Amino acid sequence: MSAVVNHELLHFRDMEESDLDQVMAIEEKVYPFCWTRAIFHDCMRVGYVCRIVETSEGLAGYGILSYGAGEAHVLNIAVHPAMQGRGIGRALLEQLLALAKRLNADTVFLEVRTSNHIAQRLYDTMGFNQVGVRRGYYPSTKGREDAIILARSLLDIDA
Ligand SMILES: CC(C)(COP(=O)(O)OP(=O)(O)OC[C@H]1O[C@@H](n2cnc3c(N)ncnc32)[C@H](O)[C@@H]1OP(=O)(O)O)[C@@H](O)C(=O)NCCC(=O)NCCS
C-alpha cells in the first residue's frame, strides 16, 4: 500500500521481526519512557495491527493499533525525528484509521501526554475529541503525568 504526500512516495506494510532494531532506534529517540522490544514483539504475536511506513530514505515510522468489540486503540505512533514535519505521521494515522474501519471498529481511542502538544495538534486536526483524562497515567521526569483520552468516530471514513 502506497501514498504520495508532499511529492514524497510513502510505502506502508506490516511490521516484521527484522524491523525491530530500526523500530527500537526510533522509539528510543522519540520517547523519554519508551516501549521495550518485547512489547513490540507481543503486539505482533497477538495480532495487533503493526504497520511500518517507509520512504526512499528507509524506515520512517510505525503505528500500532489494537481492536475488538467495535473499538480500536492507537497504542503507539512515531516518526523518525529527522523525518518529522513532512506529513508522514498524518498519513500513517490516516492509514491506521482506515484499517480500523476495515476491522469493523466504529470508534478509535488513544491517549496522549498533556505535554505532547505536537501530537495533540495532529489528533485535533484529524477529528479526535477529548473524552476524558487519566490522572498520573504516564511516568515523567517530574513524577507522573496525566493522559488526555481522545476518541474519533469512524463513520465518515472510507475503508
Ligand atoms: C506525533 C508525530 C507522530 C507526528 O508525526 P509527523 O510526521 O511529524 O507529523 P506530520 O508531519 O504529519 O504533521 C502532522 C501535524 O502534526 C502537527 N505538527 C507536526 N510537527 C509539528 C511541530 N513541529 N510543531 C507543531 N505542530 C506540529 C501539525 O498539526 C501537523 O499538521 P500540519 O503540518 O498540517 O500543521 C511525531 O511528532 C512523533 O513521532 N512524535 C514522537 C512520538 C509521539 O509523541 N507520538 C504520539 C504519542 S501519543
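This briefing walks through the sheet, the helices and one strand residue of the structure above.

The model is predicted: local features need pLDDT of at least 70, side-chain atom pairs count only at pLDDT 80 or more, and totals for chains, interfaces and linings use all residues. Residues are numbered from 1 along each chain as its sequence is written, and side-chain values use heavy atoms, with hydrogens and water left out. Eight strands form an open sheet with mixed pairing. Helices (H or I, at least four residues) and strands (E, at least two) are DSSP runs, numbered from the N terminus.

**The sheet**

- The strand order is 1-2-3-4-5-6-8-7, where two strands pair if DSSP finds at least two bridges between them.
- Strand 1 (2–5) and strand 7 (129–140) are the edge strands, each pairing on one side only.
- From one strand to the next, the twist averages 25 degrees; axes are lines fitted to C-alpha atoms, for helices over the stretch in contact, and angles run from 0 to 180 degrees between N-to-C directions.
- As general background, strands of a sheet pair through backbone hydrogen bonds, either parallel or antiparallel.

**Strand 6 and its neighbours**

- Strand 5 (residues 71–79) pairs with strand 6 (residues 107–113) in the parallel sense, over four bridges.
- Strand 6 and strand 8 (residues 143–153) run antiparallel and are joined by seven bridges.
- Along that antiparallel pair, Thr-107 has Ser-153 as its bridge partner, and Arg-113 stands opposite Ala-147.
- Strand 5, helix 3 (residues 88–102) and strand 6 make a right-handed β-α-β unit; a crossover is right-handed if, with the strands pointing away from the viewer, the path from the first strand over the helix to the second runs clockwise.

**A look at Phe-109**

- Phe-109 lies in strand 6 and is the bridge partner of His-73.
- The C-alpha atoms of Phe-109 and His-73 are separated by 4.7 Å, although the two residues are 36 residues apart along the chain.
- Leaving out residues up to four places away in sequence, Phe-109 touches Glu-71, Ala-72, His-73, Val-74, Val-131, Leu-150 and Ala-151 (contact means heavy atoms within 4.5 Å).

**Helix 1 with helix 2**

- The axes of helix 1 (residues 20–30) and helix 2 (residues 37–45) come within 10 Å and cross at roughly 125 degrees.
- The two helices are therefore oblique to each other (angles under 35 degrees count as roughly parallel, over 145 as roughly antiparallel, 65 to 115 as roughly perpendicular and the rest as oblique).
- Helix 1 passes helix 2 in a right-handed crossing; a crossing is left-handed if the near helix is turned anticlockwise from the far one by less than a right angle, and right-handed if clockwise.
- Helix 1 brings Leu-20, Asp-21, Val-23, Met-24 and Glu-27 to the contact, and helix 2 brings Arg-37, Phe-40, His-41 and Met-44.

**Helix 3 with helix 4**

- Helix 3 packs against helix 4 (residues 117–125) at an angle of about 50 degrees, with their axes 11 Å apart.
- That angle makes helix 3 oblique to helix 4, and their crossing is right-handed.
- Gly-89, Arg-90 and Leu-93 of helix 3 meet Leu-122, Tyr-123 and Thr-125 of helix 4 in this contact.

**Helices across the sheet**

- Helix 1 lies across strand 3 (49–55), strand 4 (58–68) and strand 5, running at about 85 degrees to strand 4.
- Helix 3 lies across several strands, including strand 2 (8–14), strand 5 and strand 6, and runs at about 160 degrees to strand 5.
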